[in-house]
Amino acid sequence: MKKYTRVTKAVFPVAGLGTRFLPATKAQPKEMLPIVDKPLIQYAVEEAYEAGIRHMIFVTGRNKRAIEDHFDTAYELESELQSSGKEELLSLVRTLAPADMDCSYVRQPRSLGLGHAVLCARHIVRDDPFAVLLADDLMTGNEGGPGVLAQMVEVFREVQTSVLAVQEVPLEHVKRYGIVAGEPAGDRLVKVQQMVEKPSPEKAPSRMGVAGRYVLTPAVFDRIENQPRGSGGEIQLTDGIAQLIASEGVHAYLYEGRRFDCGSKAGFLEATVEFALKHPEVGADFREFLENLSLH
């Protein structure tokens, strides 16, 4: 088996319509919705960058130009900030896309599922291992510790198989997730023996739900390309990964950190409150506001 030493590419499937946030997402991508002052997609890109990844691949759709513009150079804005002496804001704008970071954009022409979205990036990923990050899932490592994807990249270097981020979910929520089951393979690590996409509670093999972070080997592309449509009539990424269990092996990693489901309104609001409380500019005032808020 080929030995992989680095993960240098990340795929961001961002072609979804964001219908749960209408009308806010009618004319802007859901991935551009801000948590305090930073859009969701930027949190995901920063997580990938921290993990050592420098090539960001965005699988986009119609009305997603705002994402491309966000990571592009804004000459007029930079010129205005520079002439106004707003050096701190100028520096902030320029850090959105560091000089050593490359961005590629590819269209997903039809909404055929997450597996299809990942397959759209095949010609750019080629034969390299790669990460997949779902921006809807805002994930943070423990305070002072590495981010979730950085943890997973280290695990991948050790096990040399595809790695899935997992968390334990309530039994009544298993129908929302891809669920994995297997045998312990180390600290916080499980060698996957079974994967089921969105099972009913009575058919779930465990309560270990796949979160929105993956490190995958390029072999997954052939599996996705040749599989039938799965749950919901879509080409499921989970189905493609499941086919790797017998041929290469797959590991699930119980990550250290926290996940906010920003694909739901409740999760989006929870993330906003948590991040606002930690924000250096507004945190203290916001905390005081919450402490004085009457909830009766």
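Welcome to a quick tour of this structure, starting with its largest pocket: strand S11 gives four residues to the lining, the largest share. Please keep in mind that this is a predicted model. Besides the pocket, look out for a charged patch on the surface that includes Arg20, a cis peptide bond from Leu22 to Pro23 and a total of 14 salt bridges.

**The largest pocket**

- The space inside the largest pocket comes to about 1300 Å³.
- Its lining is made up of 43 residues, and those closest to the centre are Arg20, Lys30, Leu134, Asp136 and Lys198.
- Two or more lining residues come from each of these elements: helix H5 (114-119), strand S11 (208-216), helix H9 (237-242) and strand S13 (258-261).

**Arg20 and the positive patch**

- You can find Arg20 in the loop that runs between strand S1 (9-13) and strand S2 (34-35).
- On the surface, Arg20 joins Lys175, Arg176 and Lys265 in a patch of positive charge.

**Backbone features to look for**

- Pro23 sits in the loop between S1 and S2, and the peptide bond that leads from Leu22 to Pro23 is cis, with omega near 5°.
- Val36 is found in the loop between S2 and strand S3 (38-39), and its phi is near 65°, a positive value in a residue that is not glycine.
- Both kinds of feature are worth a look because most peptide bonds are trans and most residues other than glycine have a negative phi.

**Salt bridges**

- The structure contains 14 salt bridges.
- One of them pairs Asp128 with Lys9, with the closest N and O atoms 2.9 Å apart.
- This pair links distant parts of the chain, 119 residues apart: Lys9 belongs to strand S1, while Asp128 lies in the loop between helix H6 (122-125) and strand S6 (130-133).

Key: Residues numbered from 1 in each chain as written. Predicted model: local features only at pLDDT ≥ 70, side-chain atom pairs only at ≥ 80, totals over all residues. Heavy atoms only, no water. Patch = residues over 30% accessible without salt bridge, like charges linked within 9 Å, V, L, I, M, F, W, Y side chains within 5 Å. Areas by Shrake-Rupley, 256 points an atom, 1.4 Å probe, with all protein chains shown as cover. Salt bridge = Lys/Arg side-chain N within 4 Å of Asp/Glu carboxyl O. Lys, Arg positive; Asp, Glu negative; His and termini not counted. Charge placed at Lys NZ, Arg CZ, Asp CG, Glu CD. 1 Å grid on protein atoms, 1.4 Å probe; cavity = no way out; pocket = protein on both sides within 12 Å on 5 of 7 lines; lining within 4 Å. Points joined across faces, edges and corners; volume = space filled by probe spheres on them.
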